[in-house]
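Please open the structure in a viewer and keep the sequence panel at hand. The tour below proceeds by selection, with a short account of what is found at each stop.

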Amino acid sequence: MNNESFGNRESRIENRAPRTKNKPSDLYLCSMRIIFISILASFLALQAVAQPTRKDVLRGGERHERSCFDVTYYNLHVNVEIGEQSISGRNEVSFTVVDTTSKIQLDLFENMIIDHISKEDAMLNFKRDFDAIFIDLDRVYLPGEKLAIEIAYHGKPRIAKMPPWDGGFTWTKDDNGMDWVGVSCQGIGASLWWPSKEVYSDEPNGMEIHCTVPSHLYAVCNGQEELETVNEDGTTTYNWKVTYPINNYNVTLNIANYTHFNDTYTALDGEVLSLDYYVLPYNLDKAKKQFEQVKPMLKCYEQFLGKYPFWNDGYALVETPYLGMEHQGAIAYGNKFKRGYMGMDRSGQELDFDYIIIHETGHEWWGNSVSCQDLADMWIHESFCTYSEAIYVECLWDYPTAMKYVNAMKTTVANTSPIIGVYGLNKEGHSDMYVKGMLFLNTLRHIINDDAKWWAMIKNMSDKEFKIRTTNYDEVVAYFSRESGMDLSKVFDQYVRHKQIPILEVKTKRKGKNYTQYSCKWKTDVKDFSMPVAINLNGQITYYKCNSKKAITITLPNHATNVFDQDVMYYEIMFY
């Protein structure tokens, strides 16, 4: 530290990591994966902004052929030809017209072949434009009219190269040589394997999934199984029903030689939730032990987030050949029955819990219930869900452990691109939305500095205000500002819409023999930015109002060190 004025000398930047005894060997693989994904996300984001294509606009845009109708129900039939790695089927799309139209747009990847599109057995004309399908209806329809059309199709769906990060089908074998099939398509879109309206803001009220597979295998989909039909050709059709709205990318099928076991969870009001687990037979004993974590987790989430939102459809974990995915009511689990992230505790605290169970279940509230209207706002799903991990840690352990957990991965945040994406182009923001998003929400908690209010806001958001509906950036910002009684719009703007976090510029000056004077102000992209500074003296935190216009002065004893608490708030600091 020195007494030079702002900007006169090279500054020292601190973005202090948590003071924990991390084991680099435990965190290395996880950190490298996150860094790699961050670099890739930065590159893709730059490409998306610089070079939007017609295909991007068709996939992400909200034109009249999409906005003129509201999907109410899907009835999806899929036959899976495992040997050919192909599928065939049909989807009946029921919808209500909301604006006069004679044409609508649905979506299906152009490598998949459309056999026909019909309405009540009458063929409809259609035209393909990349992955978009423009369908001519049989006449002009007026607002309020209801109809259904059927799309029959077949083909070899995209194979995922690195699931679940790279979307598509996974065709593999289990340890006994039995076929094992899964699908994951977040981001890339459900239309890589079934025809639908690929718009985040329009979720069906429910759907049916009928999956036909060889009879020696079992197919697990979303919702509750209603019927099994044994066919004469050596196949079985498994019929599943979803009774809640569902994101398209959450629709799934899992095919394997599954064994099933069941448990129940009793809510605080006495209502009983069905817990269903589908695992490979040789992992049954491991699963029974590992999945004991589910009930205490659901109790924590119920306390802080409200009851499990898809109660009538039940809760399920399904063993998959890839790490995991938040498929609604049929969560993909591939953590190999290990603690942490494939055996690694990302916080370095040796916490004994299964990351995939905790994180992917958190998505039942954040992403599946509270859902974004455009892929650009995927940060709402991932930031709040990652923060739910910290909620779980604080619930089962304590506040100090949760703060260490929140800050443990701070050094993996790239801050090279905003965590919000590009609207209308099917482009999400940077993968910083996970860890940076959690750090941002922890910062908001301490800006508000009233835990009773904070936890009430979080629970009301997930259990009432945005429960089982879609939302967006503006609505979320307005909600937090209204409920906190504080204008938080500029704080959201800086952390979400800009790549750089706030920088606290600090000039120091000796004040007599025993004190040091700290002159502090924020440096931000957002004009007239204001956020408190947390000063920690011997465990006692005091908050000082600070802004980007004029420096404030804080006088502290000389013996005080590391007083700027960057564990409760996420920012950089520059000493001059």
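A residue is called buried when its relative accessible area is under 20%, exposed when that value is over 50%, and partly exposed in between. The model on display is a predicted one.

**Stop 1: an edge strand**

Select strand S13, residues 218–221. Both of its faces are covered: Tyr218 and Val220 lie on one side, Ala219 and Cys221 lie on the other, and all are buried. Next, add strand S16, residues 253–256, which pairs with S13 in the antiparallel sense over four bridges. Within this pair, Val220 stands opposite Asn254 of S16.

**Stop 2: the rest of the sheet**

Extend the selection to the open sheet of four strands, whose order is S10-S11-S16-S13 and whose pairing is antiparallel. S10 (168–173) and S13 stand at the edges with a single partner strand each, so one side of each has no neighbour in the sheet. From one strand to the next, the twist averages 15 degrees. In general, the strands of a sheet pair through backbone hydrogen bonds, either parallel or antiparallel.

Now move to the other edge. S10 and S11 (residues 179–184) are joined by six bridges in the antiparallel sense. Here, Phe169 has Val183 in S11 as its bridge partner.

**Stop 3: a cis peptide bond**

Select Pro163 and Pro164. The peptide bond that joins them is cis, with omega at about 0 degrees. Pro164 belongs to the loop between strand S9 (146–155) and S10.

**Stop 4: two positive phi angles**

Select the loop between strand S21 (331–333) and helix H6 (355–365), where Phe337 is found. Although Phe337 is not a glycine, its phi is positive, about 60 degrees. Is Phe337 buried or exposed? Phe337 counts as buried, because its relative accessibility is 13% and the limit for that class is under 20%.

Met342 is also placed in the loop between S21 and H6. Its phi is positive at about 55 degrees, and Met342 is likewise not a glycine. With a relative accessibility of 29%, Met342 counts as partly exposed.

**Stop 5: the largest nonpolar core**

Select Ile149, Trp193, Phe480 and Phe564, the residues with the most contacts inside the largest nonpolar core, which has 168 residues. Helix H7 (residues 378–396) supplies the largest share of this core, ten residues. In soluble globular proteins, nonpolar side chains tend to be buried together.

**Stop 6: Glu394 and helix H8**

Remain on helix H7 and select Glu394, which is located there. Glu394 is buried, since its relative accessible area is 17%. Which residues are in contact with Glu394, leaving aside its neighbours within four places in sequence? They are Tyr399, Ala402, Met403, Arg445 and Trp455.

Next, select helix H8, residues 399–407. Its buried residues are Thr401, Ala402, Met403, Tyr405, Val406 and Asn407. The elements that cover them include H6, H7 and helix H9 (435–448).

**Stop 7: the largest cavity**

Finally, turn to internal space. Searching the whole structure yields three cavities of 30 Å³ or more. To locate the largest cavity, select its lining: Arg59, Gly189, Lys197, Glu198, Val199, Tyr200, Asp202, Glu203, Asn247, Asn248 and Tyr249. The space within this largest cavity amounts to about 80 Å³.

How values were computed: Residues are numbered from 1 along each chain as its sequence is written. This is a predicted model: local features need pLDDT of at least 70, side-chain atom pairs count only at pLDDT 80 or more; totals for chains, interfaces and linings use all residues. Side-chain values use heavy atoms; hydrogens and water are left out. Two strands pair if DSSP finds at least two bridges between them. Axes are lines fitted to C-alpha atoms, for helices over the stretch in contact, and angles run from 0 to 180 degrees between N-to-C directions. Buried means under 20% relative accessible area, exposed over 50%, partly exposed in between (1.4 Å probe, protein chains only). A nonpolar core is a set of buried Ala, Val, Leu, Ile, Met, Phe, Trp, Tyr and Cys residues joined through side-chain atoms within 4.5 Å. Contact means heavy atoms within 4.5 Å. On a 1 Å grid over the protein atoms alone, a cavity is a set of points where a 1.4 Å probe fits but cannot get out, and a pocket is an open set with protein on both sides within 12 Å along at least five of seven lines; lining residues have an atom within 4 Å of a point. Grid points are joined across faces, edges and corners, and a volume is the space filled by probe spheres set on the points.
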